[in-house]
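Subject: A structure to look through

Dear colleague,

I am handing over a structure that I would like you to open and turn around before you read any further. Below it I have set out what was found, so that you can check each point against the picture as you go.

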Amino acid sequence: MDRLNYEVLKKSGYDGYILEKAPEKVLQFGEGNFLRAFVDYWFDLANEKAGWNGKCVLVQPIAPGLSKMINEQEGLYTLYLRGSEKGQKVDAKRVISSVSRCLNPYEKDDYEAMMQVAISDDLEIIVSNTTEAGIAYDPACQAEDCPPSSFPAKLTQVLYRRYQAGKPGILMLACELIDNNGKELLKCVNQYIDQWGLEDGFKKYVNEDCTFCGSLVDRIVPGRIRDPKEVAELEEKHGYADPLLDVGEVFGVWVIEGDVSLNDTLPFRKAGLEDKVFVTPDMSPYKKRKVRILNGAHTGFTLGAYLAGENIVRDCMNDETIRGFMNKMLYDEVIPTLPLDKDDLMEFAAAVQDRFNNPFVNHELMSISLNSTSKWKARNMPSFLEYVKEKGELPKCLTTSLAAYIAFYSNDIQELTDAGLVCKRPAGNTYTVSDDRWALEFYYAHKDDSEEALTHAVLTNTKMWDQDLTEIAGLEETVAAILKKIRTEGAKAAFADCL
């Protein structure tokens, strides 16, 4: 079957929105599944809904990549957004035409082509998602490298060439999953300016004429379809082959940190996407919303649900007790502690249940359980402490969640191996807890403790929590009692007690 390109698409009878020719307004570092299902999707909608009339030039951040495949398809690819929205199953197809081409800067001609984009009058925006490790300063990178290995060094070269050509500053949107991604990227660029001895005028250009924005991205992107049978069925249905086909969940939000006037510069508000892609002076409340509601919900019920016999997130949403426990935790204990509009928080929490109930994604509880010590501390502990501070009492669900965390790490411990701490589920099968070695060794050392002794050891472990949690009135006795209940009657019985 013919591979997707503009001519093949026309022959296939596709009747959706397509933009074949437009100025290249975006230079995007990263060509993987996430950016194509997220950033390029939003720009595609901006072309359709706001007449933005722009294309994205993609750049491979590392040598092996997708440039050859993307160029063979003239930038086109099929995107499926799949999931559950307001309780309804969604499986929406869209052919994305916002990408013009992809460059591999590790090839000489493409490196120079990247620099030609850098000095283009059409260029307005640079976007990046080069993984969490991508925003890092590597002093081994030199000004004359073609290209340097690190992304910030490549960006410094691109901006310097633009500065030398006398072109106006650009808007930089960093999407990497690290704190203060925009500020950290600018810091790295400034380090290269100093290391390479570039002139003060360029430093002023980068820091004053260019605008570096951090951003928070939120969409689960499973990416490729791995079932050969489904791939063959879709090719038959589409009338073309598309090895670049991408899959993401329906939910998507892009929060950009910067001056709100950028809402008028960027095309998203004009496209009617202001509730999905928007600029705010401070994105920290939105990050807090995501971490405490979405991530906090995962960590909050996963460990107890696994002990109760569940294996994937979707099945938990079909269990009245587990779903009820999660919702009570979110609506009664987490949302009241967050500094955002309550209607917005309720809507976000409602979307979380839809996302967890995605009929297309088998999200395994054991994969969520990785490193749950640091996850519980980062995702659930802040809500727990805020609740205690504001209400002067223990939050039932979060306290039960803490007891379930201890139960998961200590349930009938069998052995400590190189792979992790081997425990036994109430049903009889074993599972392996993965975490920092010191945490696993701690639980192994306390494997014969009573519920009271283990609870005391965990709550007084300041390496785990940065504080002695036994100082919170009533917590030690309550957690020990819930832990005993989980071990004797099961985690679901403990969850039910909260309802």
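Strand β7, which covers residues 171–174, is joined to β8 by 3 bridges, and the two strands run parallel. To find one of these bridges, look for L173, whose bridge partner in β8 is C213. Please keep in mind throughout that this is a predicted model, and that the values below were computed from it.

These two strands belong to an open sheet of 6 strands with parallel pairing, in which the order is β5-β2-β1-β6-β7-β8. The edges of this sheet are held by β5 (99–103) and β8 (211–213), and because each of them has a single partner strand, one side of each is left without a neighbour in the sheet. On average, and with direction ignored, neighbouring strands of this sheet are turned by 20 degrees against each other. If sheets are new to you, it may help to know that their strands pair through backbone hydrogen bonds, and that this pairing can be either parallel or antiparallel.

There is also an open sheet of 3 strands, ordered β9-β11-β12, and here the pairing is mixed. In this sheet β9 and β12 stand at the edges with a single partner strand each, so that one side of each has no neighbour in the sheet. The average turn between neighbouring strands of this sheet, again with direction ignored, is 15 degrees. Strand β11, made of residues 253–257, pairs with β12 in the parallel sense over 4 bridges, and you can locate the pairing by looking for V255, which has F278 as its bridge partner in β12.

Seen as a whole, the chain contains 22 helices and 15 strands. Its radius of gyration is 25 Å, which is close to the 23 Å that the globule rule gives for 499 residues, so the chain is as compact as a globular protein of that length. Taken along the principal axes, the C-alpha atoms fill a box of roughly 70 × 55 × 45 Å, and 54% of the 499 residues count as buried.

Next come the pockets. Where should you look for the centre of the largest one? The largest pocket holds about 1100 Å³ of space, and of the 46 residues that line it, those closest to its centre are E132, E176, L177, V217 and K290. Several elements, namely α2 (33–37), β9 (215–218), α11 (284–307), α15 (365–368) and α16 (372–391), each supply at least two residues of this lining, and the largest share, 6 residues, comes from α11. Sorted by class, the lining of the largest pocket consists of 18 nonpolar, 16 polar and 12 charged residues.

The second largest pocket has a volume of about 520 Å³, and among the 23 residues that line it, F251, K276, E347, F348 and A351 are the closest to its centre. At least two residues of its lining come from each of β3 (77–85), α11 and α14 (342–356), with α14 giving the largest share, 7 residues. The lining of this second largest pocket divides into 8 nonpolar, 4 polar and 11 charged residues.

Finally, the structure holds 2 cavities of 30 Å³ or more. The largest cavity has about 100 Å³ of space, and the residues that line it are I220, E249, H298, V313, R314, R355, F356, N358, V361 and H363. Both α12 (313–317) and α14 supply at least two residues of that lining, which by class has 4 nonpolar, 3 polar and 3 charged residues.

The second largest cavity has about 30 Å³ of space, and its lining is made up of I256, N263, L266, F268, R269, V277, F278 and V279. Strand β12, which spans residues 277–280, contributes the largest share of this lining with 3 residues, and by class the lining has 6 nonpolar, 1 polar and 1 charged residues. You have already met F278, which lines this cavity and is also the bridge partner of V255.

With best wishes

Notes:
Residues are numbered from 1 along each chain as its sequence is written. This is a predicted model: local features need pLDDT of at least 70, side-chain atom pairs count only at pLDDT 80 or more; totals for chains, interfaces and linings use all residues. Side-chain values use heavy atoms; hydrogens and water are left out. On a 1 Å grid over the protein atoms alone, a cavity is a set of points where a 1.4 Å probe fits but cannot get out, and a pocket is an open set with protein on both sides within 12 Å along at least five of seven lines; lining residues have an atom within 4 Å of a point. Grid points are joined across faces, edges and corners, and a volume is the space filled by probe spheres set on the points. Ala, Val, Leu, Ile, Met, Phe, Trp, Tyr, Cys and Pro count as nonpolar, Asp, Glu, Lys and Arg as charged, and the others, Gly among them, as polar. Two strands pair if DSSP finds at least two bridges between them. Axes are lines fitted to C-alpha atoms, for helices over the stretch in contact, and angles run from 0 to 180 degrees between N-to-C directions. The radius of gyration is taken over C-alpha atoms; the globule rule is 2.2 Å times the number of residues to the power 0.38. Buried means under 20% relative accessible area, exposed over 50%, partly exposed in between (1.4 Å probe, protein chains only).
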